[in-house]
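Student: I should like a close look at one small part of this model, followed by an account of how the rest is arranged around it. Please state each criterion as it is needed.

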Amino acid sequence: MNLPKSIINAAAALGLFAVIGMGLVALVHHGTEDRIESNEQAVLRHTLESLVPADWFDNDILADTITVSDLTLGTDKPVTVYRARKNGKPVAAVLSPIAPDGYNGTIKLLVAVRTDGSLRGVRVISHRETPGLGDPIDTDKSDWIFGFDGRSLDNPPESRWKVKRDGGDFDQFTGATITPRAVVKAVYKTLTFFNRNRDRLFDQESGSSVGPNP
Ligand SMILES: Cc1cc2nc3c(=O)[nH]c(=O)nc-3n(C[C@H](O)[C@H](O)[C@H](O)COP(=O)(O)O)c2cc1C
């Protein structure tokens, strides 16, 4: 079958545009992914610095890391643990667990624990909770997250590691209990994990992976 030349030309032009279009989309996608990753790194560094004061440690906290795999930390993926030391002695660990049961999905946390098991602080590094309802977990929306500072497994006692609605010590938000409930639960579980694994968290060689506690 002989097609008119004008149709062949039009089809060729369309094909060319499609190829150029796909190439442009791929390029933009690649660039955006790189930018998101470097933004996340910058946020992580900044957040770590705000959690562990610079004069507490003299090691490279971003490099002195191990990964741990334990479902207590809310995920089946390896979780990074940043270790702060001064003169070679452990000072604090910052764990990056997940609260899996937020209203709109997972909430990524950083939980800084001193070697004595008390919380230096907690920060949310990413979430998709509803603006105006679940987002007071962000430090730029409210100071709710600072309520964890200084807490530990026995402060408050286990039965009060809940939001007030459930009989615990931690505030919920107006019309939004699911988000703070998920964060309180994840922080408590992280403390239990830290308490069970404290020594091996600091003893493991940097860069190594630790499985669940036998
Ligand atoms: C569109 C929509 C978005 C919501 N987003 C959240 C949220 O991000 N976090 C949350 O805890 N509750 C959220 N809620 C409310 C929950 O459905 C639930 O009612 C609430 O968490 C229970 O808290 P309460 O017992 O204090 O009412 C949302 C509700 C609706 C309708």
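Student: Is Asn-87 buried or exposed, and how many other C-beta atoms lie within 10 Å of its own?

Tutor: Asn-87 is exposed, because 8 other C-beta atoms lie within 10 Å. The criterion calls a residue buried if 20 or more other C-beta atoms lie within 10 Å of its own, exposed if 12 or fewer, and partly exposed in between, with C-beta atoms placed from the backbone. The model is predicted: local features need pLDDT of at least 70 and side-chain atom pairs count only at pLDDT 80 or more, while totals for chains, interfaces and linings use all residues. Residues are numbered from 1 along each chain as its sequence is written.

Asn-87 lies in the loop between strand S2 (79–86) and strand S3 (89–95). Although Asn-87 is not a glycine, it has a positive phi of about 50°. Strands (E, at least two residues) and helices (H or I, at least four) are DSSP runs, numbered from the N terminus.

The two strands that flank this loop, S2 and S3, each supply at least two residues of the largest nonpolar core, as do strand S1 (65–68), strand S4 (98–102), strand S5 (105–114), S6 and H2. Such a core is a set of buried Ala, Val, Leu, Ile, Met, Phe, Trp, Tyr and Cys residues joined through C-beta atoms within 7 Å. This core has 42 residues, of which Ala-93, Val-94, Val-111 and Ala-112 touch the most other members. Its largest share, nine residues, comes from H2. Not counting residues up to four places away in sequence, Val-94 touches Leu-48, Leu-51, Val-52, Tyr-82, Leu-110, Val-111 and Ala-112; contact requires C-beta atoms, placed from the backbone, within 7 Å.

Among these partners, Leu-48 and Leu-51 lead to helix H1 (residues 5–51). The expected span of a helix is 1.5 Å times one less than its number of residues, so the 47 residues of H1 should span 69 Å, and its end C-alpha atoms are indeed 69 Å apart. H1 is hardly covered, with one buried residue. An automatic or database assignment divides the protein into domain 1 (1–51) and domain 2 (56–210). The centres of the two domains, taken over C-alpha atoms, are separated by 37 Å. Their contact takes six residues from domain 1 and ten from domain 2.

A further loop runs between strand S6 (119–126) and helix H2 (178–203), and Ser-152 is found there. Ser-152 is partly exposed because 16 C-beta neighbours lie inside 10 Å; leaving aside residues up to four places away in sequence, Ser-152 touches Gly-117, Ser-118, Leu-119 and Leu-191. Pro-156 lies in this loop as well, and the peptide bond from Asn-155 to Pro-156 is cis, with omega near 5°. Arg-165, also in the loop between S6 and H2, counts as exposed because it has 12 C-beta neighbours inside 10 Å. Beyond its neighbours within four places in sequence, Arg-165 is in contact with Gln-172 and Thr-177.

Gln-172 and Thr-177 are both among the residues that surround the ligand, which also include Tyr-103, Asn-104 and Glu-129; a residue belongs to this shell if its C-beta atom, placed from the backbone, lies within 6 Å of the ligand. The shell divides into four nonpolar, seven polar and one charged residue. Here Ala, Val, Leu, Ile, Met, Phe, Trp, Tyr, Cys and Pro count as nonpolar, Asp, Glu, Lys and Arg as charged, and the others, Gly among them, as polar.

Definitions and conventions:
Two residues are in contact if their C-beta atoms, placed from the backbone, lie within 7 Å.
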